[in-house]
Amino acid sequence: MIKLGGGWDEALAPLFSDERYLKIREFLKYEYSHYIIYPDMYDLFNCFRFTPLKNVKVVILGQDPYHEPGQAHGLCFSVKKGVSLPPSLQNIYTEIESDLGIREPACGDLTKWAEDGVLLLNTTLTVREHKANSHSKCGWAWFTDEVIKIVSEKCDDVVFILWGGNARSKVPLIDRKKHFILESVHPSPLSAYNGFFGCRHFSRANEFLESRGKKPIDWNLNR
């Protein structure tokens, strides 16, 4: 039985009892027993464990987890302490420095953001080692689409940060009357210079939160 806390158990209960999730679970039982799968099964739902539903102020939507050893730990774009920064995260830090003047941190662990109210959600929650998108067809898209709908319905004045085509395709799931949507290309090296750099999503997110009487996100990972 999955226990997440923070209001997620009640919110996600209909998903966890759905036939579609039960099929995902059976698929994962086989995958974890026959292959190296990331993240570790105990880290699979960290994005929910670290960010209670009522505390969600920002949603950053990733694609699937990093697929190399030691990287993924259940938070999109984040890597464990001591792991080299992946290129997309390096570009995110570059944009934060340009936007807010915050110097690049040495560590790629974004847990502090999660604890501050940033739901770091991947659209696919697992991946086979060395095989990007290998679990993208197993049913996770349905599950995480429902998570986006839940946040949109149950929370108020959330900033949804959507980078890249996959994330931007989720706009119809979000109630624009209640929430603020920020879109750009993906921060990967292939596209970052086509609109990610200079998007100022971090300061714009905080400006919106403050306009709604909410405490802004502390994007500074150096303290």
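Hi everyone, this short talk goes through helix packing, salt bridges and two buried residues in a predicted model. Residues are numbered from 1 along each chain as its sequence is written, and side-chain values use heavy atoms, with hydrogens and water left out. Because the model is predicted, local features need pLDDT of at least 70 and side-chain atom pairs count only at pLDDT 80 or more, while totals for chains, interfaces and linings use all residues.

Let's start with helix H4, residues 87–100. Helices here are DSSP runs of H or I with at least four residues, strands are E runs of at least two, and both are numbered from the N terminus. With 14 residues at 1.5 Å a residue, H4 should span 20 Å, and its end C-alpha atoms are indeed 20 Å apart; the expected span is 1.5 Å times one less than the number of residues. Right after H4 comes Gly101, with a positive phi near 75°.

How does H4 pack against H8, residues 201–211? The angle is about 60° and the axes are 8 Å apart. Axes are lines fitted to C-alpha atoms, for helices over the stretch in contact, and angles run from 0 to 180 degrees between N-to-C directions. H4 and H8 are therefore oblique to each other, given that under 35 degrees counts as roughly parallel, over 145 as roughly antiparallel, 65 to 115 as roughly perpendicular and the rest as oblique.

At the contact (heavy atoms within 4.5 Å), H4 brings Ile92, Glu95, Ile96, Asp99 and Leu100, and H8 brings His201, Phe202 and Ser203. These divide into 4 nonpolar, 2 polar and 2 charged. For the bookkeeping, Ala, Val, Leu, Ile, Met, Phe, Trp, Tyr, Cys and Pro count as nonpolar, Asp, Glu, Lys and Arg as charged, and the others, Gly among them, as polar.

Several H4 residues are buried, including Leu89, Tyr93 and Asp99. Buried means under 20% relative accessible area, exposed over 50%, and partly exposed in between, with a 1.4 Å probe and protein chains only. The buried residues of H4 pack against helix H5 (111–115), strand E5 (159–163) and H8.

Now to the charges. A salt bridge is a side-chain nitrogen of Lys or Arg within 4 Å of a carboxyl oxygen of Asp or Glu, and the count comes to 13. One of them joins Arg128 and Glu31, with the closest N and O atoms 2.9 Å apart. Arg128 sits in strand E4 and Glu31 in helix H2, so the pair ties together parts 97 residues apart in sequence. Glu31 counts as buried, at 3% relative accessibility.

Arg212 and Asp157 form another salt bridge, 3.5 Å from N to O. Arg212 is in the segment after H8, and Asp157 is in the loop between helix H6 (140–154) and E5, 55 residues apart. Back at H4, Asp99 is linked with Arg200 and Glu207 in a network of salt bridges.

Finally, what surrounds our two buried residues? Leu4, in the segment before helix H1 (8–16), has a relative accessible area of 8%. Beyond neighbours within four places in sequence, Leu4 contacts Asp9, Leu12, Phe16, Phe45, Phe48 and Arg49.

His179 lies in the loop between helix H7 (165–168) and strand E6 (180–184), and is buried at 6%. Leaving aside neighbours within four places in sequence, His179 has contacts that include Val151, Cys155, Phe160 and Ile174. Asp157, from the Arg212 salt bridge, is also one of the contacts of His179. Thanks for listening!
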